Amino acid sequence: MTSVALAVTDGMLHFELGLACEVFGSKPDAVRVPWYDLALCGPGAVRVGPFRLEPDHGFDRLPHADTVIVPGWADIDREPPADLVDAVRAAHEAGARVASLCTGAFVLAAAGLLDGRRATTHWAHTRALAARHPRVRVDPDVLYVDDGRVLTSAGKAAAMDLCLHLVRLDHGSSVANTVARNLVVPPHRDGGQAQFVSTPVPAPDHHPLAELFPWVIERLDRPLTVEDLARRARMSSRNLGRHFRSVTGTTPLQWLLIQRIRHAQELLETTDAGVEAIAAATGMGTATTLRRHFNRTVGVPPDAYRRTFRSRTGPAPADGSTEGTTPGAAAAGTMDAWQQRATATRPTRN
């Protein structure tokens with residue numbers, strides 16, 4: 001029987017903890033193989049989110065487990081407790097497989113387990129992880145990373161993806177699929193967390209690009225070049241690139257591509273428009289170009305993304321009525337109106 005130890009202390013996230021308990025602590029009736037011996041290990045009674053938890057064992061149990069799981073760490077700006085960090089490091093040195101869920105990666109990084117390794121965490125904290133632990137090769141786009149005896153997951157639901165991956169490694173796909181069905185979750189999700197990342201236009205400010213961003217967003221259906229953006233911003237292309245790096249952390253063309261992709265995501269979620277129409281509306285030109293860039297950026301094809309995120313109710317008609325309007329028809333009407341408005345209001349290039 002495989003032993004799994006959950007390392008818990010004050011300041012853990014209860015969602016990830018509960019999720020791991022459900023996967024490794026409850027064997028579905030249809031599973032016929034010996035299940036996990038689950039132990040909750042901590043320094044004593046701890047506060048996990050709004051709950052008070054009584055661990056079964058102390059941290060000294062961790063080095064004796066086959067797998068040690070560190071749930072999410074709530075306050076990433078606070079150093080995790082030294083006794084937790086030391087125990088996780090000792091478990092790894094003793095040969096345990098160590099996995100973190102969501103921001104639990106900060107605990108593994110503090111223990112030095114991620115040095116020189118590829119790892120991930122919740123997309124909102126990947127930059128902080130990379131800045132605080134520069135020896136970690138942070139991948140912000142994946143749902144989880146399996147680097148042998150050290151595994152890390154992205155945020156929230158991605159913790160389930162990693163837990164099911166561990167079950168798959170231990171017991172095979174059939175058992176993992178049974179566990180997933182029992183929990184009413186997909187046994188495997190395509191793509192990475194890039195499909196869940198919100199990339200808003202930087203907030204209005206007094207920086208030199210403040211007026212450029214909304215101008216570009218209104219013209220995503222057009223072929224725009226760096227020279228076009230530089231001309232609009234009244235600066236050289238080199239100066240534009242420098243300001244873009246400072247404000248967005250990326251190049252003008254990469255930022256523009258991301259905005260086109262995000263707009264394509266919005267149209268896939270809220271309209272019935274075909275990929276060709278969406279390619280035109282986002283300035284991608286052809287469906288082939290859209291599919292190539294979308295798959296590379298988001299991690300899944302446009303059709304797969306739409307099946308996952310498609311809104312079940314379309315936008316309401318302009319008069320506020322809903323009678324006689326199907327979700328698809330309403331969404332398609334919105335797409336038609338958007339295309340007509342974009343064409344009718346298209347100004348001459350400045």
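Start with helix 6, residues 173-183. Its buried residues pack against helix 5. Select Val175, Ala176, Thr178, Val179 and Ala180 to see the buried residues of helix 6. This is a predicted model.

Now step just past the end of helix 6. Val184 sits there, with a positive phi of about 60 degrees.

**Into the core**

Next, select helix 5, residues 157-171. Which core does helix 5 serve? Helix 5 gives seven residues to the largest nonpolar core, the most of any contributor. That core holds 61 residues. Four of them touch the most other members: Phe24, Leu62, Val88 and Val167.

Pick Phe24 and show what surrounds the residue. Which residues does Phe24 touch, leaving aside those up to four places away in sequence? The contacts are Val4, Trp35, Tyr36, Leu38, Ile69, Cys163, Leu166 and Val167.

A second stop lies apart from the largest core: another core, of 18 residues. Select Leu257, Ala264, Ala281 and Val300, which are among its members.

**The sheet**

Switch to a cartoon view and find the open sheet of six strands. In what order do the strands lie? The order is 2-1-5-6-10-9, and the pairing is mixed. Colour strand 2 (37-41) and strand 9 (144-147) to mark the edges. Each of these edge strands pairs on one side only. Follow the sheet from strand to strand: the twist averages 15 degrees from one to the next.

Strands of a sheet pair through backbone hydrogen bonds, either parallel or antiparallel. Select strand 1, residues 3-7, together with strand 2. How do these two strands run, parallel or antiparallel? Strand 1 and strand 2 run parallel, joined by five bridges. For a pair to look at, take Ala5, which stands opposite Ala39 in strand 2.

**A crossing of helices**

Finish with helix 8 (residues 226-233) and helix 9 (residues 237-248). The two pack at an angle of about 85 degrees, and their axes are 9 Å apart. That angle makes helix 8 roughly perpendicular to helix 9.

Show side chains where the helices meet. From helix 8, select Val226, Glu227, Leu229, Ala230 and Ala233. From helix 9, add Ser237, Leu240 and Phe244. How many residues of this contact are nonpolar, polar and charged? The contact of helix 8 with helix 9 divides into six nonpolar residues, one polar and one charged.

Conventions. Residues are numbered from 1 along each chain as its sequence is written. This is a predicted model: local features need pLDDT of at least 70, side-chain atom pairs count only at pLDDT 80 or more; totals for chains, interfaces and linings use all residues. Side-chain values use heavy atoms; hydrogens and water are left out. Two strands pair if DSSP finds at least two bridges between them. Helices (H or I, at least four residues) and strands (E, at least two) are DSSP runs, numbered from the N terminus. Axes are lines fitted to C-alpha atoms, for helices over the stretch in contact, and angles run from 0 to 180 degrees between N-to-C directions. A nonpolar core is a set of buried Ala, Val, Leu, Ile, Met, Phe, Trp, Tyr and Cys residues joined through side-chain atoms within 4.5 Å. Buried means under 20% relative accessible area, exposed over 50%, partly exposed in between (1.4 Å probe, protein chains only). Contact means heavy atoms within 4.5 Å. Angles under 35 degrees count as roughly parallel, over 145 as roughly antiparallel, 65 to 115 as roughly perpendicular and the rest as oblique. Ala, Val, Leu, Ile, Met, Phe, Trp, Tyr, Cys and Pro count as nonpolar, Asp, Glu, Lys and Arg as charged, and the others, Gly among them, as polar.
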